[in-house]
Amino acid sequence: MTVKNKKILILLFLTGCVLLGYWLWLSLRPVEVVAVHDNGNHSYVLVRSLPLTDKGKINWWLKNKEILKEKYDIPKPSSSGYFTVIFWDFGDGYKEEGKYDRLCFDDMKTKVNCIEKDAVFSVDKSRNMGLMFTVYDGDNYRLDHNGDIIKVSSD
């Protein structure tokens, strides 16, 4: 093997190590719940650093649902037991309404009470589907009666 080929292999190896390290850093960051806003049985949770994968998001919910209930009183089911919790990427923080199609929160008495609409994950409990997980850049999943996560086909 020539010196040139060895240098290329070392460079590729180091690049792979850096990318792997970055991916690990992204996936191991703790989720930061910035704020929670309610609208009846719908809760809007503004977060930073939600896990990157569909499985990571679902597992995070299953692991932290009791903590979210204790600390933020979510989910807030309707009288029939159904609820929706939507997790939004907090991104650059609150902004004024100015831009088209921002999500604004009436429970904040300030002009800077809107976020960009960047939903990343939601959890819904309904009569027909039971507990459903929607990953907005991925797929839909359902928790079956055995506690297994089942991917729901989009057809």
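## Strands S7 and S8

In this predicted model, Phe121 has Val135 of strand S8 as its bridge partner. A second pairing of this kind links Asp124 with Met132, which also lies in S8. The two strands concerned are S7, covering residues 119-126, and S8, covering residues 130-135. They run antiparallel and are joined by six bridges. Three residues lie between S7 and S8, and the two strands form a hairpin.

S7 also pairs with strand S3. Here too the direction is antiparallel, and six bridges make the connection. Phe83 has Lys125 of S7 as its bridge partner.

## The sheet

The strands just described belong to an open sheet of seven strands. Its order is S1-S2-S3-S7-S8-S9-S10, and the pairing is mixed. At the edges are strand S1 (32-39) and strand S10 (149-152), each of which pairs on one side only. From one strand to the next, the twist averages 20 degrees.

In general, the strands of a sheet pair through backbone hydrogen bonds, and they do so either parallel or antiparallel.

## The helix on the sheet

Which helix packs on the sheet? It is helix H2, made of residues 54-72. H2 touches S1, strand S3 (83-89), S7, S8, strand S9 (140-143) and S10. The direction of H2 makes about 120 degrees with that of S8.

## The largest pocket

The largest pocket holds about 250 Å³ of space. It is lined by 14 residues, and those closest to its centre are Leu50, Pro51, Leu52, Asp89 and Val120. Strand S2 (42-48) supplies at least two residues of this lining, and so does S7.

How does the lining of the largest pocket divide by class? Seven of its residues are nonpolar, six are charged and one is polar.

## The second largest pocket

About 150 Å³ of space lies in the second largest pocket. Its lining consists of Trp61, Lys65, Lys69, Ile74, Pro75, Phe83, Lys125, Gly130 and Leu131. Phe83 and Lys125, the bridge partners described above, are thus both found in this lining.

Which element gives the largest share of the lining of the second largest pocket? That element is H2, with three residues. S8 also supplies at least two residues. By class, the lining of the second largest pocket has five nonpolar, three charged and one polar residue.

## The chain as a whole

The protein chain contains two helices and 10 strands. Read from the N terminus on, its elements run α-β-β-α-β-β-β-β-β-β-β-β. The radius of gyration of the chain is 20 Å, whereas the globule rule gives 15 Å for 155 residues. The value for the chain is well over that of the rule, so the chain is more spread out than a compact globule.

The extent of the chain can also be given along its principal axes. The C-alpha trace spans about 70 × 45 × 35 Å along them.

Conventions: Residues are numbered from 1 along each chain as its sequence is written. This is a predicted model: local features need pLDDT of at least 70, side-chain atom pairs count only at pLDDT 80 or more; totals for chains, interfaces and linings use all residues. Side-chain values use heavy atoms; hydrogens and water are left out. Two strands pair if DSSP finds at least two bridges between them. Helices (H or I, at least four residues) and strands (E, at least two) are DSSP runs, numbered from the N terminus. Axes are lines fitted to C-alpha atoms, for helices over the stretch in contact, and angles run from 0 to 180 degrees between N-to-C directions. Contact means heavy atoms within 4.5 Å. On a 1 Å grid over the protein atoms alone, a cavity is a set of points where a 1.4 Å probe fits but cannot get out, and a pocket is an open set with protein on both sides within 12 Å along at least five of seven lines; lining residues have an atom within 4 Å of a point. Grid points are joined across faces, edges and corners, and a volume is the space filled by probe spheres set on the points. Ala, Val, Leu, Ile, Met, Phe, Trp, Tyr, Cys and Pro count as nonpolar, Asp, Glu, Lys and Arg as charged, and the others, Gly among them, as polar. The radius of gyration is taken over C-alpha atoms; the globule rule is 2.2 Å times the number of residues to the power 0.38.
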